[in-house]
Amino acid sequence: MTSYGTEGGWMDAELAALAAAGATTLVQQMATETWAQARGRVAAFFARRGGAEPGGAEDELEASRDELTAPGQDEETAADIRSELHDQWRNRLRRTLRADPAAAEELRALLDELAPPSPSGRVGHVYNTISGGEYRGTVIQAGSIGSADLRGGSPEAGQDGGRRTP
């Protein structure tokens, strides 16, 4: 178990988060037209870290893509495959980063390079699903909320969320 009270624990948590982000980007890239370029960049990242024969990472990446894009998959199967591939590559990236923490900066730069450009910082389509038992209440979905002051307060005390009323 990771101890978050020590400097090393924070580093482990940061590297784990970076590995998860890397796996997410990698699996997303597998389904794009720019996959060949992404595959080459990611394979080179692993090759510089050693531990694999030349072309080994590239072959593994291509096998993962073939599995992800195999025809005839229903939506549930495709989601399961995406999840399994994400876990597989997250674990591989985490092991790589633990063995060579200096690789984190290179991975961050690679992820920035592979991230699809977003027009004016806006996200394309977002789909949310709410499921489960019977729940009756309010659901709020927002893109960018901006800054908020959530300190609370009461009108009787002359405060409303940290802002003074005239």
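**Entry 1: Pro116**

I started with Pro116, which is exposed at a relative accessible area of 61%. I note here that the model is a predicted one. Pro116 sits in the segment that follows α5 (103-114). I looked up its separation from Thr25: the two are 91 residues apart in sequence, and their C-alpha atoms are 9.4 Å apart in space.

**Entry 2: Overall make-up**

I then went to the whole protein. Its secondary structure comes to 5 helices and 0 strands, and the pattern along the sequence reads α-α-α-α-α. Of its 166 residues, 23% count as buried. I also checked the contacts between residues at least 6 apart in sequence; 63% of them join residues at least 24 apart.

**Entry 3: Val27 in α1**

I placed Val27 in helix α1, which covers residues 7-29. Is Val27 buried or exposed? Its relative accessible area is 8%, so I entered Val27 as buried. Beyond residues up to four places away in sequence, Val27 touches Leu68, Arg82, Leu85 and His86. I took the C-alpha separation for the pair Val27 and His86, and it is 6.3 Å, with their positions 59 residues apart along the chain.

**Entry 4: α2 against α5**

Next I looked at how helix α2 (residues 35-48) packs with α5. The angle is about 180° and the axes are 11 Å apart. Angles over 145 degrees count as roughly antiparallel, and α2 and α5 are therefore roughly antiparallel to each other. On the α2 side I listed Ala38, Arg41, Val42, Phe45 and Arg48. On the α5 side the contact is made by Ala103, Glu106, Leu107, Leu110, Glu113 and Leu114. I sorted the residues of this contact by class and got 7 nonpolar, no polar and 4 charged.

**Entry 5: Ala38 in α2**

I followed one of those residues, Ala38, which is found in helix α2. Ala38 counts as buried because its relative accessibility is 1%. Leaving aside neighbours within four places in sequence, I found Ala38 in contact with Gln29 and Leu114. Leu114 is also on the α5 side of the packing contact. I noted Leu26 as well: Ala38 and Leu26 are 12 residues apart in sequence and 8.0 Å apart in space, C-alpha to C-alpha.

**Entry 6: Two residues of α3**

I picked Ser64 and Glu62 in helix α3. Ser64 lies in this helix, which spans residues 56-68. At a relative accessible area of 3%, Ser64 is buried. Which residues does Ser64 touch, not counting residues up to four places away in sequence? I found Met30, Leu85, Gln88 and Trp89. With Trp89 there is a polar contact of 2.9 Å between the side chains.

Glu62 lies in α3 too. I entered Glu62 as partly exposed, since its relative accessible area is 22% and the cut-off for buried is under 20%. Glu62 touches Trp35 and Arg39, again not counting residues up to four places away in sequence. The C-alpha atoms of Glu62 and Trp35 are separated by 9.3 Å, and the two residues are 27 apart along the chain.

**Entry 7: α4**

I turned to helix α4, residues 75-99. It has 25 residues and reaches 36 Å from its first C-alpha to its last, close to the 36 Å expected at 1.5 Å a residue. At its start, I found a side-chain oxygen of Asp74 within 3.2 Å of the backbone nitrogen of Glu76.

I listed the buried residues of α4: Ala78, Ile81, Leu85, His86, Trp89, Arg92, Leu93, Thr96 and Leu97. Leu85 and His86 are among the residues that Val27 touches, and Leu85 and Trp89 are among those that Ser64 touches.

**Entry 8: Thr96 in α4**

I ended with Thr96, found in helix α4. Thr96 counts as buried at 11% relative accessibility. What lies 2.9 Å from a polar atom of the Thr96 side chain? I found the backbone oxygen of Arg92 there. Apart from neighbours within four places in sequence, Thr96 is in contact with Phe45, Phe46 and Arg49. Phe45 is also one of the α2 residues in the contact with α5.

Notes: Residues numbered from 1 in each chain as written. Predicted model: local features only at pLDDT ≥ 70, side-chain atom pairs only at ≥ 80, totals over all residues. Heavy atoms only, no water. Helix = DSSP H or I, 4+ residues; strand = E, 2+ residues; numbered from the N terminus. Buried < 20%, exposed > 50% of the residue type's maximum accessible area, 1.4 Å probe, protein only. Expected span 1.5 Å × (residues − 1). Polar contact = N/O pair within 3.5 Å; in protein donor to acceptor, adjacent residues only side chain to side chain. Axes fitted to C-alpha atoms, helices over the stretch in contact; angles between N-to-C directions. Parallel < 35°, antiparallel > 145°, perpendicular 65-115°, else oblique. Contact = heavy atoms within 4.5 Å. Nonpolar A, V, L, I, M, F, W, Y, C, P; charged D, E, K, R; others polar.
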